[in-house]
Amino acid sequence: MIGHAVDGWHIVDADVPMPPAERIIYADGAAGPSFRPGVDLELSHWVPTTTPERWAADTSTEACVRFVEDPPSQRYDLVVNNHLDTDGILSLLVLVHPSDAVSHRATVIGAAEMGDFNAGVDRTSFALAQELTALMGRARGTSQPLRDTYRDAFDRALGVLEGCQEPDVSVTDGWHHLELGAERVADGAVSVERVAPHLVAFLLPSLADDDLAPALRVPPHNALVDGSVWLWPHVRNRAHGESVHLVSVPSPDPGAWFHDVWLPGYTWAQTPDRWRPPGATPTGGSNVWAVDHPALDRAVAHLARAERGPGQWTVAQELTPFSALTGRGFPIVASCLGRDREPTPSTVHPQAVAEVLAPVFDGA
C-alpha cells in the first residue's frame, strides 16, 4: 500500500513564513527549533536525527520511500526542507508524488545516493541525479526563489522518470566521463588492489601535466560530473563503495607519489545499512563528526617517520559533508601535504603506504 501524498510543502526561506500545519514532516535536514516532539516527524539521515527505526535508511529519500510504503495511521499535511540538493529534492518528491516516485523506487534512491555519497549508480539513476544537479547549478546563478527551483526540479524529475524529458547535454557528457574512468580501471591503466576487507588501493598511471590537477581534484558535495576530474570517485565506488580508498598518483618527480586516504562518501551521514568506518564520532553539531582514530594516528605517524620529502603526513580532526582535511576537503581523512596545505609528493612507495594502513580500518 502506498501512503497518501502530503498536500503541502515548504522550503525554509527567510522571506517566506512557514504555513500552519497540524503535523509536519521534516525531510532531509535538521528539524530545528520548530520541531514538536510527539507531533511532528523527522525523515532524515542528517546527524543527529530522530527518524524512527521503522523508516530509517541511508538516504533521506529512501527513508521517505519506506515511509510511504509503510505509512502510519496519522496523516501529515506539510513537508519541510531547509536546503537545496538532490537528496532534498527527491525526499520531497517522494512525499508529494508518492505513486510516481515509488514506481521508480530504485532510480530515485540511486540518484539520491549519487548526489549525497558519490555512489556508483546505473545510467538511469545517474541521469536523474545529473539532471537535477545541472538544474540546481543554473538556478544558483539567478535570483530565483528556492521554492521555484524546487517546483522546477519536481517537473524535471517527473519528466525524467516518465521518459518524456529531453536529456540535458550534461547527462551524455557526464556519463561519458564516468565510462572513460571505468575503462581506465578495466584495462589496467589504474591499478586496483584490495589490501584489507575495507581498504582498497588505487594507483593511477603517470600522467601528463594537464591531467595531474584533474587527477588530484576532490569534487565538492553533489558536484556535476564533467571533465574536471580524471577518475571520479563514483567510478571507484561502483565496486568498492563501502571501503576506504588509498588513491596514489605518480609525481613528475621520480620516486615520489601524491597520496590521499578517502573515507566512504557517506561517512558524514547516518547510514544504518552501510559499513561504518571506525573513528568518526558525532559531536552533536549538525553533520559534524570528530575524527578520533588512534590506529590511524599511529599509522600516519609511522608514515611521517618514513617520509624523506618535504611533505607532512596529516590527519583530519573533524569532518562534515563539505570539509575534512584542510586543503583537501571531504572525504579525505589523511594525506601528505605541504606548508601551504596543498598536495605534496611523498617518497613513501604506494605499496608501503598500503601496508601501513592495512590493519587500520578493520581492527586487525
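1. Arg66 is partly exposed, with a relative accessible area of 23%. In this predicted model, Arg66 has two acidic partners worth checking. Glu62 forms a salt bridge with Arg66, and the closest N and O atoms are 3.0 Å apart. Asp273 also meets Arg66 in a salt bridge, at 2.9 Å from N to O.

2. The two partners of Arg66 deserve separate treatment. Asp273 sits in the loop between S8 and strand S9 (280–282), whereas Arg66 belongs to helix H1, so this pair ties together parts that are 207 residues apart in sequence. Glu62 is a local partner: Glu62 and Arg66 both lie in helix H1, four residues apart, about one turn of the helix. Accessibility should be noted too. Glu62 is buried at 11% relative accessible area. Asp273 is partly exposed at 46%.

3. How many salt bridges does the structure hold? The count is twelve. One of them joins Arg36 to Asp40, with the closest N and O atoms 2.7 Å apart. Arg36 is partly exposed, with a relative accessible area of 31%. Asp40 is buried, with a value of 7%. Elsewhere, Asp58, Glu113 and Arg274 are linked in a network of salt bridges.

4. Helix H1 spans residues 60–69, and Ser60 lies in it. Is Ser60 buried or exposed? Ser60 is buried, because its relative accessible area is 0% and the cut-off for buried is under 20%. A polar atom of the Ser60 side chain lies 3.1 Å from the backbone nitrogen of His45. Leaving aside residues up to four places away in sequence, Ser60 touches Asp28, Leu43, Ser44, His45, Asp87 and Ser91.

5. Strand S8 covers residues 257–262, and six of its six residues are buried. Side chains in a regular strand alternate between the two faces of the sheet. Which residues of S8 fall on each side? Trp257, His259 and Val261 are on one side, with Phe258, Asp260 and Trp262 on the other. Both faces are covered. Note that His259 and Asp260 are among the buried residues.

6. S8 has strand partners to inspect. Strand S7 (residues 244–250) runs antiparallel to S8, and six bridges join the two. Within that pairing, Val249 has Phe258 as its bridge partner. S7 and S8 form a hairpin, with six residues between the strands. Gly255, in the turn, has a positive phi of about 70 degrees.

7. S8 also pairs with strand S13 (residues 332–337), in the antiparallel sense and over three bridges. Here Trp262 has Ile332 as its bridge partner. Trp262 is thus a useful residue to display: it is buried on one face of S8 and takes part in the pairing with S13.

8. Nonpolar side chains tend to be buried together in soluble globular proteins. The largest nonpolar core here has 107 residues. Which members touch the most other members? They are Ile25, Phe67, Val79, Leu95 and Leu357. Ile25 itself touches Val6, Leu41, Leu43, Phe67, Tyr76, Leu78, Val79, Val80 and Leu95, not counting residues up to four places away in sequence. Apart from the largest core lies another, of seven residues, including Ala21, Tyr26, Phe35 and Val80. Val80 therefore belongs to that other core, although Ile25 touches Val80; core membership requires side-chain atoms within 4.5 Å, whereas contact counts heavy atoms within 4.5 Å.

Methods. Residues are numbered from 1 along each chain as its sequence is written. This is a predicted model: local features need pLDDT of at least 70, side-chain atom pairs count only at pLDDT 80 or more; totals for chains, interfaces and linings use all residues. Side-chain values use heavy atoms; hydrogens and water are left out. Buried means under 20% relative accessible area, exposed over 50%, partly exposed in between (1.4 Å probe, protein chains only). Two strands pair if DSSP finds at least two bridges between them. A polar contact is a pair of N or O atoms within 3.5 Å; within protein, one must be able to donate a hydrogen and the other to accept it, and residues adjacent in sequence count only if both atoms are side-chain atoms. A salt bridge is a side-chain nitrogen of Lys or Arg within 4 Å of a carboxyl oxygen of Asp or Glu.
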